[in-house]
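This report goes through one protein chain, from its charged pairs to its strands and its surface. Please keep the sequence and the structure in view while reading.

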Amino acid sequence: MKNLTATLFALTATLLTATALADGITIRRGQFTDRVERGAPVTAAADLPPTGRLVYWVEAANTGDAGQVTLVWRVGGAEVSRQSLDIGRGSRWRTWGVLLRRRAGIVEVQVLDAAGQVLHSDRLGGS
């Protein structure tokens, strides 16, 4: 019984820590672009070619400890990549992930927290 209680306590502490981390990170905005200069996206999504290098730039606010988010990339509805991005503490933490598009189509990005919950999503192409 003592081991069970200790295990439940450790599990509860882990879950509370994960929740606190997830609650600390919020996505302020995101943007598709082709490159980032001085921490900011350069090209507007409407001006991007249908194939080639695609960057998803994210600005996050984090009131908690440093952590990570995951970018989930989908092209034409199929998942093609996952990337982990570090998020430090701050009100304007900027980071980005990169995908090499080999074919034209609708590109979707989801930004997930450590628990796998969607913090933000975006779509390029289509209506």
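A salt bridge here is a side-chain nitrogen of Lys or Arg within 4 Å of a carboxyl oxygen of Asp or Glu. The structure shown is a predicted model.

**Salt bridges**

Side chains of opposite charge can pair when their charged atoms come close. By the rule above, the count comes to eight salt bridges. Which residues are linked in a network of salt bridges? The network consists of Arg28, Arg29, Glu59 and Arg92.

Within this group, arginine 29 forms a salt bridge with glutamate 59, and their closest N and O atoms are 3.4 Å apart. Arginine 29 lies in strand β1 (residues 25-33) and glutamate 59 in strand β4 (residues 52-62), so this pair ties together parts that are 30 residues apart in sequence. Is each partner buried, partly exposed or exposed? Arginine 29 has 43% relative accessibility and therefore counts as partly exposed. Glutamate 59 counts as buried because its relative accessibility is 1%. The cut-off behind that word is 20%: a residue under this relative accessible area is buried.

The table lists three of the salt bridges, with the relative accessible area of each partner.

| Acidic residue | Basic residue | Closest N to O |
|---|---|---|
| Glutamate 59, 1% | Arginine 29, 43% | 3.4 Å |
| Glutamate 37, 44% | Arginine 35, 34% | 3.1 Å |
| Glutamate 79, 40% | Arginine 74, 23% | 4.0 Å |

In the second row, glutamate 37 is partly exposed, and arginine 35 is partly exposed as well. In the third row, glutamate 79 is partly exposed, and arginine 74 also counts as partly exposed.

**An aromatic pair**

Strands β1 and β4 appear again when the rings are examined. A search of the whole structure finds one aromatic pair. It is formed by phenylalanine 32 and tyrosine 56 in an edge-to-face arrangement, with 4.8 Å from centre to centre and 65° between the planes. Why does this pair count as edge-to-face? The planes are 65° apart, and planes over 60 degrees apart count as edge-to-face, so the pair takes that label.

The pair links distant parts of the chain, since phenylalanine 32 is in strand β1 and tyrosine 56 is in strand β4, 24 residues apart. Phenylalanine 32 counts as buried, at 2% relative accessibility. Tyrosine 56 is buried too, with a relative accessible area of 0%.

**The chain as a whole**

The chain contains one helix and nine strands. Read along the sequence, the pattern is α-β-β-β-β-β-β-β-β-β. Of its 127 residues, 34% count as buried. The chain exposes about 7700 Å², and carbon and sulfur atoms supply 53% of that area. Among contacts between residues at least 6 apart in sequence, 58% join residues at least 24 apart.

**A four-stranded sheet**

Some of the strands form an open sheet of four, in the order β6-β5-β8-β9, with antiparallel pairing. Which strands are at the edges? They are β6 (78-87) and β9 (118-124), and each pairs on one side only. From one strand to the next, the twist averages 15°.

Strand β8 (residues 107-112) pairs with β9 in the antiparallel sense over six bridges. In one of the bridges between strands, valine 109 has aspartate 122, in β9, as its partner.

Another strand of this sheet, β5 (residues 67-75), includes valine 75. Is valine 75 buried or exposed? Valine 75 counts as buried because its relative accessibility is 6%. Leaving out residues up to four places away in sequence, valine 75 touches Val80, Leu99, Arg103, Ile106 and Val107. The C-alpha atoms of valine 75 and arginine 123 are separated by 9.8 Å, while these two residues are 48 residues apart along the chain.

**A loop residue**

Where is arginine 38 placed? Arginine 38 is in the loop between β2 (36-37) and β3 (40-41). Its phi is near 55°, a positive value in a residue other than glycine. Arginine 38 is exposed, with a relative accessible area of 86%.

Technical notes: Residues are numbered from 1 along each chain as its sequence is written. This is a predicted model: local features need pLDDT of at least 70, side-chain atom pairs count only at pLDDT 80 or more; totals for chains, interfaces and linings use all residues. Side-chain values use heavy atoms; hydrogens and water are left out. Two strands pair if DSSP finds at least two bridges between them. Helices (H or I, at least four residues) and strands (E, at least two) are DSSP runs, numbered from the N terminus. Axes are lines fitted to C-alpha atoms, for helices over the stretch in contact, and angles run from 0 to 180 degrees between N-to-C directions. Buried means under 20% relative accessible area, exposed over 50%, partly exposed in between (1.4 Å probe, protein chains only). Contact means heavy atoms within 4.5 Å. Accessible areas come from the Shrake-Rupley method with a 1.4 Å probe; for residues, only the protein chains shown count as cover. Rings of Phe, Tyr and Trp (its six-membered ring) pair if their centres lie within 6.5 Å; planes under 30 degrees apart count as stacked, over 60 as edge-to-face and the rest as tilted.
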